[in-house]
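Open the model in your viewer and keep the selection panel at hand. The stops below say what to pick and what is there.

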Amino acid sequence: QVQLVESGGGLVQAGGSLRLSCAASGRTFSSYTMGWLRQAPGKEREFVALITWNAGSFHYADSVKGRFTISRDNAKNTVYLQMNSLKPEDTAVYYCAARKTILKWDYWGQGTQVTVSS
């Protein structure tokens, strides 16, 4: 069982930056691929970024490439999402998730709100 708790969301002006954190419980955190997904009002949840268990591989949605950076610290059981050059269209609830296989995300956090004003 893995429990995930996000933090770091808030209100920021367009062009600004935020850093999201996701703290995980459980001894097996380092064996999970970790990801960030987001859901804007009236839209379906969408993939943002993921990082494999050993940080050997990263994937980003085209909409955030070059602006967002995902990282992890397995010693601290934490995954981060550094978001730069934020745009109003980045406004959403951001969720941290963990998975063992590519079939599905096994665990989810409660989400943290990010609002970007124009």
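Select β7 and strand β8, residues 78-83: the two pair in the antiparallel sense over 6 bridges. The model is predicted. Stay on this pair and pick R72, which stands opposite V79 in β8.

Now widen the selection to the whole sheet. Which order do its strands take? The order is β1-β3-β8-β7, an open sheet of 4 strands with antiparallel pairing. Colour the edge strands next: β1 (4-7) and β7 (68-73), each pairing on one side only. Look along the sheet for the twist, which averages 15 degrees from one strand to the next. Switch on backbone hydrogen bonds if you like, because strands of a sheet pair through them.

Next stop: R38. Find this residue in strand β4, residues 33-39. Is R38 buried or exposed? Its relative accessible area is 6%, under the 20% cut-off, so R38 counts as buried.

Show side chains around R38. Which side chains make polar contacts with the side chain of R38? One is that of S63, at 3.5 Å. Another is that of Y94, at 2.9 Å.

Finish by selecting the wider surroundings of R38, leaving aside neighbours within four places in sequence. Work through the contacts in stretches:

- E44, R45, E46 and V48 are among the residues in contact with R38.
- S63, V64 and F68 are also in contact with R38.
- E89, D90, A92, V93 and Y94 are in contact with R38 too.

Keep F68 selected for a moment: this contact of R38 has the number at which edge strand β7 (68-73) begins.

Technical notes: Residues numbered from 1 in each chain as written. Predicted model: local features only at pLDDT ≥ 70, side-chain atom pairs only at ≥ 80, totals over all residues. Heavy atoms only, no water. Buried < 20%, exposed > 50% of the residue type's maximum accessible area, 1.4 Å probe, protein only. Polar contact = N/O pair within 3.5 Å; in protein donor to acceptor, adjacent residues only side chain to side chain. Contact = heavy atoms within 4.5 Å. Pairing = 2+ DSSP bridges. Axes fitted to C-alpha atoms, helices over the stretch in contact; angles between N-to-C directions.
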